[in-house]
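Please read the report below alongside the sequence and the three-dimensional view. It moves from the chain as a whole to its elements, and then to selected residues.

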Amino acid sequence: MEKNSEKPHAILIIMGLIMVAVYMGMSFLLLFTTLFQGVMPAWARYLMGIVFFVYGIFRGYRVYKSHK
């Protein structure tokens with residue numbers, strides 16, 4: 001008999017995917033738009049954009065592994 005708590009519920013998977021989209025969207029905004037141009041220096045935008053991108057990939061991997 002399988003335990004129900006071993007597999008994540010569908011809502012957790014959906015929330016995980018939404019967060020991946022948020023991190024990837026933030027990365028896109030920081031790297032490819034001028035939205036934050038006057039708010040922070042270019043080096044900080046690029047650094048934060050790369051960090052958001054890498055963390056989004058990591059979160060996507062975790063969602064994928066929890067779904068398997």
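## Overall picture

What percentage of the 68 residues of the chain count as buried? In this model, which is predicted, 21% of the 68 residues count as buried. The chain holds two helices and zero strands, and its accessible surface comes to about 5,400 Å², with 72% of that area belonging to carbon and sulfur atoms.

Among the contacts in the chain with a separation of 6 or more, 55% are made by residues that are 24 or more positions apart.

## The two helices

Helix H1 covers residues 10-32, and helix H2 covers residues 42-67. The 23 residues of H1 should span 33 Å at 1.5 Å a residue, and because its end C-alpha atoms are 32 Å apart, the model agrees with that expectation. H2, with 26 residues, reaches 37 Å from its first C-alpha to its last, which is close to the 38 Å expected at 1.5 Å a residue.

The buried residues of H1 are Ile 13, Gly 16, Val 20, Tyr 23, Ser 27 and Leu 30, and they pack against H2. In H2, the residues that are buried are Ala 44, Arg 45, Gly 49, Gly 56, Arg 59 and Val 63, and these in turn pack against H1. An α-helix has 3.6 residues a turn, so residues three or four places apart point the same way.

## Tyr 23 and Ser 27 in H1

Tyr 23 is found in helix H1 and counts as buried because its relative accessibility, 16%, falls under the 20% cut-off. Leaving aside neighbours within four places in sequence, Tyr 23 is in contact with Phe 52, Tyr 55, Gly 56 and Arg 59. Of these partners, Tyr 55 is 32 residues away from Tyr 23 in sequence, yet the two C-alpha atoms are 7.3 Å apart in space.

Ser 27, also placed in helix H1, has a relative accessible area of 2% and is therefore buried. When residues up to four places away in sequence are not counted, Ser 27 touches Gly 49, Phe 52 and Phe 53. Gly 49 is itself one of the buried residues of H2, and Phe 52 is also among the contacts of Tyr 23.

## Phe 53 and its surroundings

Is Phe 53, a residue of helix H2, buried or partly exposed? With 41% relative accessibility, Phe 53 counts as partly exposed, because that value lies between the 20% and 50% cut-offs. Outside the residues up to four places away in sequence, Phe 53 touches Met 24 and Ser 27.

Two C-alpha separations help to place Phe 53 relative to H1. Val 20 is 33 residues from Phe 53 in sequence and 9.2 Å from it in space, C-alpha to C-alpha. Gly 25, which is found in helix H1, lies 28 residues along the chain from Phe 53, with their C-alpha atoms separated by 8.7 Å. Gly 25 has a relative accessible area of 29% and is therefore partly exposed.

## Arg 45 in H2

Arg 45 lies in helix H2, and its relative accessible area of 7% is the reason why it is classed as buried. Leaving aside its neighbours within four places in sequence, Arg 45 is in contact with Leu 30, Leu 31, Thr 33, Phe 36, Gln 37 and Met 40. Leu 30, one of these partners, is a buried residue of H1.

Which backbone oxygen lies 3.5 Å from a polar atom of the side chain of Arg 45? The backbone oxygen of Thr 33 is found at that distance, and Thr 33 also appears among the contacts of Arg 45.

## A nonpolar patch on the surface

Ile 11, Leu 12, Ile 14, Met 15, Ile 18 and Val 22 form a nonpolar patch on the surface, and together they have about 570 Å² of accessible area. Ile 14, a patch member found in helix H1, has 45% relative accessibility and so counts as partly exposed. The C-alpha atom of Ile 14 is separated by 9.1 Å from that of Val 63, although the two residues are 49 residues apart along the chain. Val 63 is one of the buried residues of H2.

Key. Residues numbered from 1 in each chain as written. Predicted model: local features only at pLDDT ≥ 70, side-chain atom pairs only at ≥ 80, totals over all residues. Heavy atoms only, no water. Patch = residues over 30% accessible without salt bridge, like charges linked within 9 Å, V, L, I, M, F, W, Y side chains within 5 Å. Areas by Shrake-Rupley, 256 points an atom, 1.4 Å probe, with all protein chains shown as cover. Salt bridge = Lys/Arg side-chain N within 4 Å of Asp/Glu carboxyl O. Helix = DSSP H or I, 4+ residues; strand = E, 2+ residues; numbered from the N terminus. Buried < 20%, exposed > 50% of the residue type's maximum accessible area, 1.4 Å probe, protein only. Polar contact = N/O pair within 3.5 Å; in protein donor to acceptor, adjacent residues only side chain to side chain. Contact = heavy atoms within 4.5 Å. Expected span 1.5 Å × (residues − 1).
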